[in-house]
Amino acid sequence: MAISPPRVRSDAVPLRAWKAQGRASAIVGMGTYAPPQVVTNLDLEASGLNTSDQWIRERTGIESRHVAAPGTSTFSIAYEASVQALAAANIGAADLDLILVATSTPDGAFPSVACRLQEQLGVPGPPAMDLVAACSGFVYALSVADAFISSGQANTVLVVGAEVMSRMVDWTDRSTCVLFADGAGAAVLRPAARGAGFMSWCLGADGRGWDQVTCGNIPFGEDLKGRDDLSFIKMQGPDVFRFATDILIRQAQAVAKAAELTMDDIDLWVPHQANRRIIEAAARRIGLPMDKVAVNIETYGNTSTASIPLALEEALRQGRVKSGDRVLMAGFGSGLTWGACLLE
């Protein structure tokens, strides 16, 4: 018998937010990578997909996305972003005490992407592990890195969000294939200088909504003979839209409150890049003008765990973040999961 959980709303679940404790940590270097091949909306339209550039733009804000060549591994794009992050932090891979990779598209059940990345970096020894929290994964991984540093168990941690989402989509399904894309973003965390660092956190999950975004799930009790769609992403669009907008608002407010701040104190908001309409609706309701919001979904699409670091690193390069600024990052994803943090 198939099991169907009840539909859930995020406001039915209490949020847990807390102020950062112990030794503060901060991001000291970032790097990103996007595959060179760009697929535009017009390319999808020309391929025979039942869609149009106008339809995609109006509903998602996406104009193009980066797509990896067939056979591209997740660990290889994680490596490209990691090398840049290490260089930006002015450290060598040998300085790493921990390697964390957030991904929804591992190259196999095992070994972890983190272990393959460690081998590519040539630094055997430090612990290396993957985290699976879908599009919230990068913030989840940042929180683990912060915990290791604040407790004194690590001084230097590499956090990576890396995805090859293109191999998980049905390219004949216009409701999903126009959304997802490939890329990687990496950050190096170290103990923070005085007056800087992560200030507060808000993480959570509601497993009752597990069926709202799925991929590779085997339906309980169903005859799987002849099924060839189990590896594709499936999504209940309207339900996800409502959940995403609500949870973005609630966790942004919760993480600011935990840091004893208000939304007026936020200099830049970096949300998960899932849908421009979701971002704009949430920004309006929390009172943030769009010039305080980092958005690059139009050229990157939804890269899941890579979307927040891709948007944050771009904002840094554009000079939108300066010393003393307070940056709020917030994600949501399959699970259902959510995660937000506030960084000065």
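Two strands count as paired when DSSP finds at least two bridges between them. With that in hand, welcome to a set of close-ups of this predicted model.

**View 1. Strand 8 has pairing partners in strand 2 and strand 7.** Strand 2 (residues 25-33) runs antiparallel to strand 8, and eight bridges join the two. Look for Ser25, which stands opposite Pro191 of strand 8. Strand 7 (residues 157-164) is also antiparallel to strand 8 and is joined to it by eight bridges. Here Gly161 has Gly185 of strand 8 as its bridge partner. How many of the ten residues of strand 8 are buried? Eight are, so strand 8 (residues 182-191) is largely enclosed by the rest of the structure.

**View 2. Helix 2 keeps its buried residues on one side.** Which residues of helix 2 (residues 53-60) are buried? They are Asp53, Ile56 and Thr60. These residues lie on the same side of helix 2 because they cover an arc of only 75° around the axis. In general, an α-helix has 3.6 residues a turn, so residues three or four places apart point the same way. The buried residues of helix 2 pack against helix 1 (41-46), strand 4 (64-66), helix 8 (276-286) and helix 9 (297-300). Just after helix 2 comes Gly61, with a positive phi near 85°.

**View 3. Two salt bridges sit within helices, in helix 7 and in helix 10.** In helix 7 (residues 237-258), Arg242 forms a salt bridge with Asp239, and their closest N and O atoms are 2.5 Å apart. About one helical turn separates the two, because they are three residues apart in this helix. Asp239 counts as buried, since its relative accessibility of 8% is under the 20% cut-off. In helix 10 (residues 307-317), Arg317 and Glu313 form a salt bridge, with 2.9 Å between the closest N and O atoms. These partners are four residues apart, so about one helical turn lies between them. Are the two ends of this bridge buried or exposed? Arg317 counts as exposed at 55% relative accessibility, whereas Glu313 is buried at 10%.

**View 4. A salt bridge between Glu344 and Arg326 links distant parts of the chain.** The side chains of Glu344 and Arg326 meet at 3.8 Å, N to O. Glu344 belongs to the segment after strand 14 (337-343), while Arg326 is in the loop between helix 10 and strand 13 (327-333), 18 residues apart. Both partners are partly exposed, Glu344 at 27% relative accessibility and Arg326 at 24%. Elsewhere, salt bridges that share partners join Asp53, Arg57 and Glu63 into one network. Across the whole structure, the search finds twelve salt bridges.

**View 5. The largest nonpolar core has 50 residues.** Met263, Trp269, Leu328, Phe332 and Leu342 have the most contacts inside this core. Strand 9 (198-205), helix 7, helix 8, strand 13 and strand 14 each give two or more residues to it. Which element gives the most? Helix 7 does, with ten residues. If you centre on Met263 and leave aside its neighbours within four places in sequence, you will find contacts with Ala252, Gln253, Ala256, Ile286, Leu288 and Leu328. A second, separate core has 32 residues, among them Ile149, Leu189, Ala294 and Ile308.

Conventions: Residues are numbered from 1 along each chain as its sequence is written. This is a predicted model: local features need pLDDT of at least 70, side-chain atom pairs count only at pLDDT 80 or more; totals for chains, interfaces and linings use all residues. Side-chain values use heavy atoms; hydrogens and water are left out. A salt bridge is a side-chain nitrogen of Lys or Arg within 4 Å of a carboxyl oxygen of Asp or Glu. Buried means under 20% relative accessible area, exposed over 50%, partly exposed in between (1.4 Å probe, protein chains only). The arc is that of the directions from the helix axis to the C-beta atoms. Contact means heavy atoms within 4.5 Å. A nonpolar core is a set of buried Ala, Val, Leu, Ile, Met, Phe, Trp, Tyr and Cys residues joined through side-chain atoms within 4.5 Å.
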